[in-house]
Amino acid sequence: MGRMAYDLSMDSTLALAWQGYEFVSRRCERYGTDVFQTRLLLEPTVCLRGAEAAQVFYDADRFQ
């Protein structure tokens with residue numbers, strides 16, 4: 001397993017507000033991956049997309 005891509009921006013909150021739903025897809029395309037780490041409201045945040053990401057998100061044992 002390789003290293004996770006990391007967005008070098010100090011904070012991506014404004015980019016997320018500006019781009020909306022497309023923010024994650026655009027960054028994933030930029031980094032050539034389906035998962036990357038960024039900062040939102042200065043907090044480390046992992047963003048992911050795809051079918052496997054959806055399975056994780058909808059797993060009732062992981063989220064409430």
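The following paragraphs lead from the nonpolar core of this structure, through its cysteines, to its salt bridges. The model is a predicted one.

The interior is a suitable place to begin. In soluble globular proteins, nonpolar side chains tend to be buried together. Here the largest nonpolar core consists of 5 residues, namely A5, F23, C28, F36 and C47. Within this group, F36 has an extensive list of contacts: leaving aside residues up to four places away in sequence, F36 touches M4, A5, D7, F23, V24, R27, C28, Y31, T45, V46 and C47. The contacts of F36 thus include core members, among them A5 and F23, and also the charged residues D7 and R27, to which the discussion returns below.

Two of the core residues, C28 and C47, are cysteines, and their relationship deserves attention. C28 is buried, with a relative accessible area of 1%, and C47 is likewise counted as buried, at 8% relative accessibility. Nevertheless, the structure holds 0 disulfides. Why do C28 and C47 not form a bond? The cysteine sulfur closest to that of C28 belongs to C47, but it lies 7.5 Å away, which is too far for a bond. A disulfide would require the two sulfur atoms to be within 2.5 Å.

Attention may now turn to the charged side chains. Across the whole structure, 5 salt bridges are found. One of them joins R27 to D7, with the closest N and O atoms 3.1 Å apart. Because R27 lies in helix 2 (residues 22-31) and D7 in the loop between strand 1 (5-6) and helix 1 (13-19), this pair ties together parts that are 20 residues apart in sequence. Both partners are buried: R27 has a relative accessible area of 6%, and D7 one of 2%.

A second salt bridge, between E22 and R26, has an N to O distance of 2.8 Å. Its partners both lie in helix 2, 4 residues apart, or about one turn of the helix. E22 is partly exposed, at 43% relative accessible area, and R26 is also partly exposed, at 45%.

The side chains of R62 and D59 form a further salt bridge, at 3.3 Å from N to O. In this pair, R62 is exposed, with a relative accessible area of 57%, whereas D59 is partly exposed, at 26%. Finally, E29, D34 and R49 are linked to one another in a network of salt bridges.

Methods: Residues numbered from 1 in each chain as written. Predicted model: local features only at pLDDT ≥ 70, side-chain atom pairs only at ≥ 80, totals over all residues. Heavy atoms only, no water. Core = buried A, V, L, I, M, F, W, Y, C linked by side-chain atoms within 4.5 Å. Buried < 20%, exposed > 50% of the residue type's maximum accessible area, 1.4 Å probe, protein only. Contact = heavy atoms within 4.5 Å. Salt bridge = Lys/Arg side-chain N within 4 Å of Asp/Glu carboxyl O. Helix = DSSP H or I, 4+ residues; strand = E, 2+ residues; numbered from the N terminus.
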